[in-house]
Amino acid sequence: MEDMFRVGVISSTHGVRGEVKVFPTTDDPQRFRRLKEVTLDTGRERLSLKIQNVKFFKNMVILKFEGYDNINDIERYRGKELWIRRDQAVDLKKDEYFIADLVGMTVTEEDGCVLGTLTDVIQTGANDVYVVKMENGKEILLPAIRQCILHVDVEAGQMQVHLLPGLLDL
């Protein structure tokens with residue numbers, strides 16, 4: 001299981017007072033209002049940054065960090081990722097999972113036969129779709145619905161699925 005989750009990427013500066021535009025990589029950008037701090041991954045080190053102010057503009061989040069009061073202080077962090085600890089993450093409902101916890105899981109059929117490894121999650125309007133790379137190198141797309149996903153064990157890194165008719169017709 002992952003201990004840190006990426007919530008955004010600094011895309012550019014905003015004005016001259018040290019604000020940055022952040023492209024949110026979380027499904028709920030409003031969560032930035034509740035965050036008090038984030039971790040900035042510079043590539044060489046991780047810095048803890050306290051959030052002083054949050055605004056929204058179109059599809060971006062505008063953040064102001066304590067101690068960064070002009071454009072020169074913050075400009076070098078353009079393109080860097082913002083992360084949070086697992087304990088800062090939103091609470092999940094029943095049968096909800098963090099994508100970071102799902103990717104890499106071993107996917108098995110009902111009879112215990114290994115189907116492959118979950119490599120990606122495609123978020124659609126109706127339901128998520130799990131991309132499973134099979135041992136023969138081909139990929140299968142599994143809808144994340146109750147009829148198909150029988151059991152998920154995040155701790156063990158295992159997912160048991162029921163293959164609906166037509167899913168394996170390659």
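## Ile84 and strand S6

In this predicted model, Ile84 is buried, with a relative accessible area of 1%. This value counts as buried because the term covers anything under 20% relative accessible area. Ile84 belongs to strand S6, which spans residues 81-85.

Apart from neighbours within four places in sequence, the contacts of Ile84 are Asp3, Met4, Phe5, Val7, Arg31, Leu35, Glu37, Val38 and Ala89. Leu118 lies 34 residues from Ile84 along the chain, and the C-alpha atoms of the two are separated by 24 Å.

## The barrel

Strand S6 takes part in a barrel that 6 strands close in the order S1-S2-S5-S4-S3-S6, with antiparallel pairing. On average, neighbouring strands of this sheet are turned by 50° against each other, direction ignored.

Within the barrel, strand S3 (residues 37-41) is joined to S6 by 3 bridges, and the two strands run antiparallel. One residue pair can be named here: the bridge partner of Asp41 is Glu81 in S6.

## Strand S5 and its partners

Strand S5 (residues 60-65) is mostly covered, as 6 of its 6 residues are buried. In a regular strand, side chains alternate between the two faces of the sheet. In S5, Met60, Ile62 and Lys64 lie on one side and Val61, Leu63 and Phe65 on the other; all are buried, and both faces are thus covered.

S5 is joined to strand S2 (residues 19-24) by 4 bridges, in an antiparallel arrangement. Val22 stands opposite Val61 in S5. Strand S4 (residues 46-57) also runs antiparallel to S5, with 6 bridges between them. In this second pairing, Lys55 stands opposite Ile62.

## The hairpin at Lys58

S4 and S5 form a hairpin with 2 residues between the strands. Lys58 lies in the loop between S4 and S5, and this residue has a positive phi of about 55° although it is not a glycine. Most residues other than glycine have a negative phi.

Lys58 counts as exposed, at 75% relative accessibility. The residue is classed as exposed because the term applies over 50%. By contrast, the residues of S5 are buried.

## The open sheet

Another 6 strands form an open sheet in the order S10-S9-S8-S7-S12-S11, and their pairing is mixed. The edge strands are S10 (139-143) and S11 (149-153), each of which pairs on one side only. Neighbouring strands of this sheet are turned by 35° against each other on average, direction ignored.

Strand S7 (residues 106-109) and strand S12 (residues 158-161) run parallel and are joined by 4 bridges. Thr108 stands opposite Gln160 in S12.

## The largest pocket

Rolling a probe the size of a water molecule over the atoms shows where empty space is left. The largest pocket has a volume of about 1200 Å³. It is lined by 36 residues, of which the closest to the centre are Asp27, Tyr97, Phe98, Ile99 and Asp128. Several elements give two or more residues to the lining: strand S1 (4-14), S6, helix H2 (99-102), strand S8 (114-123), strand S9 (128-134) and S11.

By residue class, the lining of the largest pocket divides into 20 nonpolar, 4 polar and 12 charged residues. Among the contributing elements, S1 and S6 belong to the barrel, whereas S8, S9 and S11 belong to the open sheet.

Key: Residues numbered from 1 in each chain as written. Predicted model: local features only at pLDDT ≥ 70, side-chain atom pairs only at ≥ 80, totals over all residues. Heavy atoms only, no water. Pairing = 2+ DSSP bridges. Axes fitted to C-alpha atoms, helices over the stretch in contact; angles between N-to-C directions. Buried < 20%, exposed > 50% of the residue type's maximum accessible area, 1.4 Å probe, protein only. Contact = heavy atoms within 4.5 Å. 1 Å grid on protein atoms, 1.4 Å probe; cavity = no way out; pocket = protein on both sides within 12 Å on 5 of 7 lines; lining within 4 Å. Points joined across faces, edges and corners; volume = space filled by probe spheres on them. Nonpolar A, V, L, I, M, F, W, Y, C, P; charged D, E, K, R; others polar.
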